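Me: I've got this chain open in the viewer and I'd like to talk it through with you. Let's take it bit by bit.

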Amino acid sequence: MANGNFSTLVNSEKLTFVDFSAEWCGPCKTMAPILQDLKARVGDKVRIIKIDIDRNPQAAAAYQVQSVPTLMLFKNGNVLWRQSGVVPAHFLQQVINEHA
């Protein structure tokens, strides 16, 4: 994803859930089916995107991503929530519902 596209997405009014990850990261691979489950639970309430920190180091640096996976929820350019590590879908759904 081009850095300009990332900036446009996180600065939009639509809730945008970002999964900062890396191909070599085991816990990141664990998050993939969790995020599919999350998308099924929340539908169009939120846009879910995955950012590979090795391919998009500028985005990772801009948000001081030190470990992966790092999960962040954005709206209008603001970080509403942030957590590192594997997080269950039901918890992520609660976070999204709180900010929807």
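Reply: Sure, with a bit of vocabulary to begin with. Strands here are DSSP runs of E with at least two residues, numbered from the N terminus, and two strands pair if DSSP finds at least two bridges between them. Also keep in mind that this is a predicted model.

Me: Good. In the hairpin of E3 and E4, which residue takes a positive phi?

Reply: Strand E3 covers residues 70-75, and strand E4 covers residues 78-84. Lys-75 in E3 stands opposite Asn-78 in E4. The hairpin has two residues between its strands, and the one with a positive phi, near 55°, is Asn-76.

Me: How many bridges hold E3 and E4 as a pair?

Reply: At least two bridges are needed for a pair. E3 and E4 clear that cut-off in the antiparallel sense, and their bridge count is six.

Me: And which residue of E3 does Asp-19 stand opposite?

Reply: Start from strand E1, residues 15-21, which runs antiparallel to E3 and is joined to it by five bridges. Asp-19 faces E3 there, and the residue opposite is Leu-71.

Me: How many of the six residues of strand E3 are buried?

Reply: E3 has partners to work with: E1 joins it through five bridges, and E4 pairs with it over six. Buried means under 20% relative accessible area. E3 is largely enclosed by the rest of the structure, because the number of its six residues that count as buried is five.

Me: Let's stay with E1 for a moment. Is Ser-21 buried or exposed?

Reply: Ser-21 lies in strand E1. Leaving out neighbours within four places in sequence, the residues in contact with Ser-21 are Cys-28, Lys-50, Ile-51, Asp-52, Ile-53 and Val-68. Its relative accessible area is 4%, and since the cut-off is under 20%, Ser-21 is buried.

Me: Cys-28 turned up in that list. Which cysteine does a disulfide join to Cys-28?

Reply: Searching the whole structure turns up one disulfide. Cys-28 is buried at 2% relative accessibility, and its partner is buried too, at 4%. Their S to S distance is 2.4 Å, and the partner is Cys-25.

Me: What handedness does the link of Cys-25 and Cys-28 have?

Reply: Look along the S-S bond of that pair. The angle about it is 80°, and the link is right-handed.

Me: On to charges. What is the N to O distance in the salt bridge of Glu-23 and Arg-55?

Reply: Side chains of opposite charge can pair when their charged atoms come close. The cut-off for a salt bridge is within 4 Å. Glu-23 and Arg-55 satisfy it, with an N to O distance of 3.4 Å.

Me: How many residues apart are Glu-23 and Arg-55?

Reply: This salt bridge links distant parts of the chain. Glu-23 sits in the loop between E1 and helix H2 (26-42), while Arg-55 is in the loop between strand E2 (46-52) and helix H3 (57-62). Arg-55 counts as exposed at 62% relative accessibility. Along the chain, the two are apart by 32 residues.

Me: How many salt bridges does the count come to?

Reply: Besides Glu-23 with Arg-55, there's Asp-37 with Arg-41 at 3.3 Å, N to O. Those two lie four residues apart, about one turn of the helix, in H2. Asp-37 is partly exposed at 32%, as is Arg-41 at 39%. The salt bridge count is two.

Me: Which residue has its C-alpha 8.9 Å from that of Ala-89?

Reply: Look in helix H2 for a residue that is exposed, with a relative accessible area of 59%. It is 53 residues from Ala-89 along the chain, and its name is Gln-36.

Me: Zooming out, what is the radius of gyration of the chain?

Reply: The chain has four helices and four strands, running α-β-α-β-α-β-β-α from the N terminus on. The globule rule gives 13 Å for 100 residues, and the chain comes close to that, so it is as compact as a globular protein of that length, with a radius of gyration of 12 Å.

Me: Last one: what share of the 100 residues do buried residues make up?

Reply: The C-alpha trace spans about 30 × 30 × 20 Å along its principal axes. Among contacts between residues at least 6 apart in sequence, 68% join residues at least 24 apart. The share of buried residues is 41%.

Terms used
Residues are numbered from 1 along each chain as its sequence is written. This is a predicted model: local features need pLDDT of at least 70, side-chain atom pairs count only at pLDDT 80 or more; totals for chains, interfaces and linings use all residues. Side-chain values use heavy atoms; hydrogens and water are left out. Buried means under 20% relative accessible area, exposed over 50%, partly exposed in between (1.4 Å probe, protein chains only). A salt bridge is a side-chain nitrogen of Lys or Arg within 4 Å of a carboxyl oxygen of Asp or Glu. A disulfide is a pair of cysteine sulfur atoms within 2.5 Å. Contact means heavy atoms within 4.5 Å. The radius of gyration is taken over C-alpha atoms; the globule rule is 2.2 Å times the number of residues to the power 0.38.
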